[in-house]
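Please open the structure in your viewer and keep the sequence beside it, so that each selection can be followed in both.

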Amino acid sequence: TYVVTEDCIKCKYTDCVEVCPVDCFYEGENMLVINPSECIDCGVCEPECPAEAILPDTEDGLEKWLELNTKYSAEWPNITSQKEPPEDADDHKGETGKFEKYFS
Ligand code: SF4
Ligand code: F3S
């Protein structure tokens, strides 16, 4: 599966949802997540994210994000079309420590 990681937080560009063939993105207040049991591993979303927030879970150190995507995709609503990103999205692009600062 692919997972959404920290770089999405406060950016939420939502380009990813437009390309997903199985509509498996779910929206929280500050970030999106992928439902790992719905993702078919096509990989088309990865290069679409301007924040480079989407990665295959086979990369090292992503266990925490796999867990978070699994948990919240069961709780948050599905999102299937692109929307305007937050006004300050570009200010938060590439920022470090976003999970500790903003995740709720
Ligand atoms: Fe959707 Fe494909 Fe991305 Fe999985 S890898 S979330 S199926 S676009
Ligand atoms: Fe987040 Fe990137 Fe999608 S910032 S909403 S994963 S396009």
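**A tour of the chain**

Begin with a cartoon of the whole chain and read along the sequence, where the elements follow the pattern β-α-β-β-β-α-α-α; helices here are DSSP runs of H or I with at least four residues, strands are runs of E with at least two, and both are numbered from the N terminus. The radius of gyration, taken over C-alpha atoms, is 12 Å, close to the 13 Å that the globule rule (2.2 Å times the number of residues to the power 0.38) gives for 104 residues, so the chain is as compact as a globular protein of that length.

This is a predicted model, in which local features need pLDDT of at least 70 and side-chain atom pairs count only at pLDDT 80 or more, while totals for chains, interfaces and linings use all residues. Residues are numbered from 1 along each chain as its sequence is written, and chains are lettered from A and ligands numbered from 1 in the order in which they are written.

Next, show the C-alpha trace alone, which spans about 30 × 30 × 25 Å along its principal axes.

Now select ligand 1 and the 14 residues that surround it, of which the closest are Y2, C20, C39, C42 and C45; a residue belongs here if its C-beta atom, placed from the backbone, lies within 6 Å. This shell divides into 12 nonpolar residues, one polar and one charged, where Ala, Val, Leu, Ile, Met, Phe, Trp, Tyr, Cys and Pro count as nonpolar, Asp, Glu, Lys and Arg as charged, and the others, Gly among them, as polar.

Finally, move to ligand 2, which 13 residues surround, with C8, Y13, C16, C49 and A51 the closest, and colour its shell by class to find 10 nonpolar, one polar and two charged residues.
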